Amino acid sequence: MIGDDWMIKWIKDTWIFYIISIFYKMNKWLLIVTVLLNVFLALIPMIQMVALAHLIDSVIKMQKDGYVLSMALIPIIVIMILLIIKNFSNQINNLIKVSFINCLRLKYTVVLSEKKAKLEYKHLENPKSLDLITRVMDLPEEKLYDCLFNLVGTISLFITIISLASTIIYYMWYIGLLLIIVTIPLMILAVKGGHATYEANKIATKYRRKYQYYEEVLTSRETSLERTLFAYGKKLNEMWKENYEIARKINFKTMSKWIIKSSAYGVISTLVLAIIIACLIYISAKKIITIGIFIALVNAIYQLNGNMTYELSWKMESLVKSKEYINELRTFLLKTELKAAISRPTIPAVNFESLQFKNVWFKYPGVDTYILKGTSFMLEKGKHYSFVGVNGAGKSTIVKLIIGLYSDYKGEILLNGKPISEFSQSELKSICATAFQDFTRYFINVYDNIRIGNINKINDESEIQKGINILNLNDLINDLPQGLQSNLGKLFESGVDLSGGQWQKLALARFYVNPGTLKILDEPTAALDPISESNIYKDFELLSKNKTAIFISHRLGATKLADTILVLHDGVIVEKGNHSDLVEKNGVYAEMFESQRMWYL
């Protein structure tokens, strides 16, 4: 029993079982039809060979004994049926392919997209993980179907080769042995070629990601203004070509080596074929086999040579690529996730009471330098705080830790007196309302752009109107062709594009309708003019009344709104106090504020 359990576990762990289980769950009957159809198609060459031999022998016999149609009727009918099946099989396989791909898009591709959304944030900032995600998420439904197609196709090809070889062995056993000797090295060569090709593709991926990014910059509408203004198109073209050529040469070099080796082996296989045909001529002359069997065997061996020399090599290489893809897919699916990453905020929301960092040390994955070096502070309910500091001081890092994007830190982060790790993402979402500088531009209508900020009350029009009023968006909406229902961006034919500041106001409207009691603004007004920025901070002060707020901004004029300013320098809090106290202290904050004084004169 122990041995049987081990065998069952081994089978379940194989990539073949994995791919079959995926399609079995998609549509088991369609999978069964696919397998049975391809197995039958694999036997057609052997059946056709036997029928052809009988047909030729029948015709030769009729030449001697006289015309009797019934002698040739059965092989003719068999050959006609086989031809009809072969002609329709392509259409049937294409229909099966379309059906499977549609099923995969509706079901499995959604699973992969959700997995990507659930990944821990560190995977999205790791180049190796991004390369893996790029390979896995690039037309996954097509690649998954190719895995099944390559698996079934390889099995079918082996059935064809075995059935033809068995028929040949029946007449000449030593020829069958010779075919086996020729086939085994070719299989080994094909497997090595498949591994080499996939590895080359993995190496080329990082260059492909680069040239695809350059291509986007060179062709996208969003970068068209700066392309024209700075005339950097030629330089980026050169960078695109450099990375494209590196990726192309990596793949070309690997493929060239494999093609040369397989072609050389193909020549050897052809010579073996010539020897086999010479042997058949000899035994045919000795009347050991009939003319019909001779012709059928020659035709079968010719087809077998093509199967073994080219099709087997291609199938085995494709099968290895499929195996590598499934292995990477499983690696991707095993990557760690954020707890409740795609769940909605909890209802009722968790109230914010306090937040404390106690001697927190943090560095980003793959980096040796710590961003936070023993950071400690305390935030209390109902007060407004501002974090200031130079670029790289750790301001945005603190926000990422608060909202739970990273958990591998040293020290303690206490939320409401409990370790923040004990809170799920759903609970943190209900507490935190965050507005980032790098906001997202959703190519949907204006109404949906705002209301997704409060997903649990997505149809609460009063809250949506409140966000519109606070951001002074009424004039903008009234000027749009369909008001709140106007589609934004160039995804739609009637889509309207907005300025950077207008897009940012929409992002802030989403933020305002969010019911979270800890309001966090991380450089949220970078695209706004000074007057709009000033108005937003004034409105924000009213909106966040009786709520806790965190401001992060390089523009120190906004920090006057904060009850407490925390100055970050080299990963630690070096100063703390209100604006007046810190200016009088004449320390780091005073120096920063003095350097920006002219902005506010």
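Asp-522 stands opposite Ile-552 in β8, and that pair of residues makes a handy way into this predicted model. From there we can look at the strands around them, the helices that pack on the sheet, and then a pocket elsewhere in the chain.

**The sheet**
- Strand β7, residues 518-522, runs parallel to strand β8, residues 548-552, and 5 bridges pair the two.
- Both strands belong to an open sheet of 6 strands, ordered β6-β7-β8-β3-β9-β10, where the pairing is mixed.
- At the edges you will find β6 (432-436) and β10 (572-577), each of which pairs on one side only.
- On average, neighbouring strands in this sheet are turned by 15° against each other, direction ignored.

**Helices on the sheet**
- Helix α12 (residues 395-402) packs on the sheet and touches β3 (384-388), β6, β7, β8 and β9 (564-569).
- The direction of α12 makes about 145° with that of β7.
- Helix α17 (residues 500-513) also packs on the sheet, where it touches β6 and β7.
- For α17, the angle with the direction of β7 is about 165°.

**The second largest pocket**
- This pocket has a volume of about 660 Å³.
- Its lining is made of 26 residues, and Asn-38, Leu-41, Asn-93, Ser-156 and Glu-311 lie nearest the centre.
- Four elements give two or more residues to the lining: α2 (15-65), α3 (69-106), α7 (140-171) and α11 (291-333).
- Helix α7 gives the most, with 9 residues.
- By type, the lining residues of this pocket divide into 12 polar, 9 nonpolar and 5 charged.

Technical notes:
Residues numbered from 1 in each chain as written. Predicted model: local features only at pLDDT ≥ 70, side-chain atom pairs only at ≥ 80, totals over all residues. Heavy atoms only, no water. Pairing = 2+ DSSP bridges. Axes fitted to C-alpha atoms, helices over the stretch in contact; angles between N-to-C directions. Contact = heavy atoms within 4.5 Å. 1 Å grid on protein atoms, 1.4 Å probe; cavity = no way out; pocket = protein on both sides within 12 Å on 5 of 7 lines; lining within 4 Å. Points joined across faces, edges and corners; volume = space filled by probe spheres on them. Nonpolar A, V, L, I, M, F, W, Y, C, P; charged D, E, K, R; others polar.
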